[in-house]
Amino acid sequence: MINDYQQWRANPTEFWRDQAQSIDWFTPPSVILTESTDGSASWFDDGEMNSCYLALDHHVANGRGSQTALIYDSPVTQQSRCYSFLELRDETAKVAGMLVDLGVKKGDTVIIYMPMIPQAAMAMLACARIGAVHSVVFGGFAAPELAARIDDAKPSVILAASCGIEVDRVIEYKPLIDSAIELAEFKPLHTIVLQRHQAVAHLDKLIDKDWGICVSQAQPVEPIALRGDDPLYILYTSGTTGKPKGVVRQNGGHAVALKYSMDAVYGMRQGDVFWSASDVGWVVGHSYIVYGPLIHGCTTIMYEGKPIMTPDAGAFWRVIEQYSVNAIFSAPTAFRAIRREDPNGELVSKYDISSLRTVFAAGERLDPATQNWMSNTLGVPIIDNWWQTETGWPIAANLMGREPLPVKNGSATKPMPGFDIHILDDDGQPVAQGMQGNIAIKLPLPPGCLSTVWGDHQCFLDSYLSDYPGFYTSGDGGYFDQEGYLFVMGRVDDVINIAGHRLSTGDIEEVIAQHPDVAECAVVAMLDELKGELPVGFVVLNSSADVTSRGNIDSELSHLVRQSIGPIACYRSSYLVSRLPKTRSGKVLRKVLKAMLNGEDVLLPPTIDDVSSLDEIKKVLL
Ligand code: COA
Ligand code: AMP
């Protein structure tokens, strides 16, 4: 029998035309694919639809209004609550009404800075309902990062909560938002704050308003008809420079790709319970906490807790039992954390997890040891899937909703329909079978992938489409084995992956360089058993730096990174050196530093300026 991938290869446009029929368009698209000469593409441009309608109203209209749409489970506040599709639709329609009252119109941008509470999903869906473009900012980012996003997205409104809760620590959001607005050049017109009793915010600025009051005064509004190519959201992600890139996702292709993936990749049926233990601030949260499961008619879970510590390493299994979860999706780090606390899986046996059919992992490489442990402990297929903020859904995975392939540990299995993956050398030539190289995707990108970078199409072309003409550069390296299984081995650029979160070493370097005693620095990734990678700095101080201050510099730099980027950067170690190894043209040899730091074989480029600079590095690493 011909499989999905072969069907897509045989006729890509027809394949996506067929998939488009699975969503409830107001007006079906007549145009399937629109390609620009610059390599960018968009899908279903003239179809009329609304992503919020698909996620909520469509199910209500089809007799599933009383089915549970969203479960909020919060071990950090000891709360849980279920929302039916009808309840979620009605509350979202009022939040949308509030936005309209605030003057938000189609095409306006709205920043959402909220923890894992149902109102975060309502805020996203409410924007989608009225055609506003949301941009969710993860709570672990500090004020300057939020300010950078405010300046780029230029939101008329910020929707926020008064606080987030990290295990037992209450993190006040309002002071952080105030300071971000002060730092930003662009000034939003309104900050709407949902008050949580753990930290009630002072609404003392002219632009501040109380979410509860505004929503209670609002009238529900209906979803408006949008074009398939209208933007749904912007999600910022780290590139190789300090400036985050605003990935733009369009409504039509996104809905079609997610609907297809919920069925084909994740093997979900209407009414199944799908739990992404991630955060709405990340792409996994956008695609598989909010839009994907709801559009597919599944029950989704918003979990405000951690895999461990809330209260223990049995938290995931408790949630699976309590809500009869059918599939869970999280980052390998989460499972490594659980394994570290409960190596023999004793906590698993305390719960009935028989509802669980599959575990999905993404966000970073799923190392074979963790995959084996998960498989032995849980007794269900453990499915790695590889993707990026830019693509919005898996580039490679195992089609659990079709005929799954045998799992190979360490591999994300095979390319998804829509993704024509090639392994290229640095000159853009295909490498021999089995050889490692740069993973590139032949254009056009399929539905659901980014259409541009917000406000900077040239940046989109330069960052993604210019390395190899006709291809999208993924930034990851890897290889195909003899059977066509894809092994993704890690980034080939200066992006670092910390606990499934992507950060730019360039961004951290820019922050460290702001310290008055720092002359220059290089930040590279150190391998870490729990979080995959952690950033480590090699720092050269100014000759004028006070030698006695050197004792404090480590903690000062950690503090600076925490204040400027956020705690999730996990920057804790700096090595002081008198110079950095460089090429004769002055480029810092980060790959050499990284190899030395991780005890790997060091390949010295012939262009190295001064080999003796490495002796000092060797000494400080001892
Ligand atoms: N708001 C504010 N601060 C946050 C935050 C948020 N939303 N999320 C994380 N932080 C803080 C943490 O409190 C911690 O601060 P600390 O240095 O003061 O302790 C720091 O950022 C690092 O957070 P994290 O990487 O989450 O480490 P942790 O030690 O608190 O937890 C794990 C360790 C393994 C439990 C956690 O990393 C985890 O759950 N990982 C899974 C990752 C994941 O789900 N990724 C989603 C992508 S699919
Ligand atoms: P993000 O955009 O934050 O989701 O990060 C995407 C990056 O995470 C990718 O470019 C990869 O480097 C890494 N990544 C995500 N999923 C996987 C996976 N299954 N295997 C290996 N790396 C992954």
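Modeller: Buried means a relative accessible area under 20%, exposed means over 50%, and partly exposed is in between (1.4 Å probe, protein chains only). By that rule, helix α11 (residues 315–323) has Ala 315, Phe 316, Trp 317, Val 319, Ile 320 and Tyr 323 as its buried residues.

Colleague: Good to have that up front. What should I keep in mind about the model itself?

Modeller: It is a predicted model, in which local features need pLDDT of at least 70 and side-chain atom pairs count only at pLDDT 80 or more, while totals for chains, interfaces and linings use all residues. Residues are numbered from 1 along each chain as its sequence is written, chains are lettered from A and ligands numbered from 1 in the order in which they are written, and side-chain values use heavy atoms, leaving out hydrogens and water.

Colleague: How many helices and strands does the protein chain have?

Modeller: There are 18 helices and 32 strands. They are DSSP runs, numbered from the N terminus: H or I over at least four residues for a helix, E over at least two for a strand.

Colleague: Why does the radius of gyration of the protein chain agree with that of a compact globule?

Modeller: The rule is 2.2 Å times the number of residues to the power 0.38, with the radius taken over C-alpha atoms. For 622 residues that gives a value near 25 Å, and the protein chain has 24 Å, so the two agree. The C-alpha trace spans about 75 × 65 × 55 Å along its principal axes. Of the 622 residues, 60% count as buried.

Colleague: What share of the contacts in the protein chain comes from residues 24 or more positions apart?

Modeller: Among contacts (heavy atoms within 4.5 Å) with a separation of 6 or more, such pairs account for 70%.

Colleague: Let's go to single residues. Why does Ser 276 count as buried or exposed?

Modeller: Its relative accessibility is 1%, so Ser 276 counts as buried. Ser 276 sits in strand β16 (residues 273–276). Beyond its neighbours within four places in sequence, Ser 276 is in contact with Val 284, Tyr 288, Ile 289, Ile 301 and Phe 329.

Colleague: What does the side chain of Ser 276 reach?

Modeller: It reaches the backbone oxygen of Tyr 288, at 2.9 Å. A polar contact is a pair of N or O atoms within 3.5 Å; within protein, one must be able to donate a hydrogen and the other to accept it, and residues adjacent in sequence count only if both atoms are side-chain atoms.

Colleague: What makes Asp 46 buried, exposed or in between?

Modeller: Asp 46 has a relative accessible area of 26%, and therefore it is partly exposed. You will find Asp 46 in the loop between β2 (41–43) and β3 (48–49).

Colleague: Which side chain makes a polar contact with the side chain of Asp 46?

Modeller: The side chain of Ser 30 does, at 2.4 Å. Ser 30 is 16 residues away along the chain, and the two C-alpha atoms are separated by 6.6 Å. A polar atom of the Asp 46 side chain also lies 3.1 Å from the backbone nitrogen of Val 31.

Colleague: And Ser 451: why is it called buried or exposed?

Modeller: Its relative accessible area is 8%, so Ser 451 is buried. Ser 451 is in the loop between β24 (437–442) and β25 (452–453). Not counting residues up to four places away in sequence, Ser 451 touches Ser 40, Ala 41, Val 248, Gln 250, His 457 and Phe 460.

Colleague: What kind of peptide bond joins Leu 443 and Pro 444?

Modeller: A cis bond, with omega about 5°; Pro 444 is likewise placed in the loop between β24 and β25. Another cis peptide bond joins Thr 310 and Pro 311, with omega about 0°. Pro 311 belongs to the loop between β17 (299–303) and α11.

Colleague: Where does Ser 324 take a positive phi?

Modeller: Just after α11, at about 50°. Ala 499 also has a positive phi of about 50°, although it is not a glycine. Ala 499 lies in the loop between β28 (495–498) and β29 (501–504), and at 16% relative accessibility it counts as buried.

Colleague: What is phi of Cys 570 near?

Modeller: Near 50°, a positive value in a residue other than glycine. Cys 570 is in the loop between α16 (550–564) and β32 (573–576). With 9% relative accessibility, Cys 570 counts as buried.
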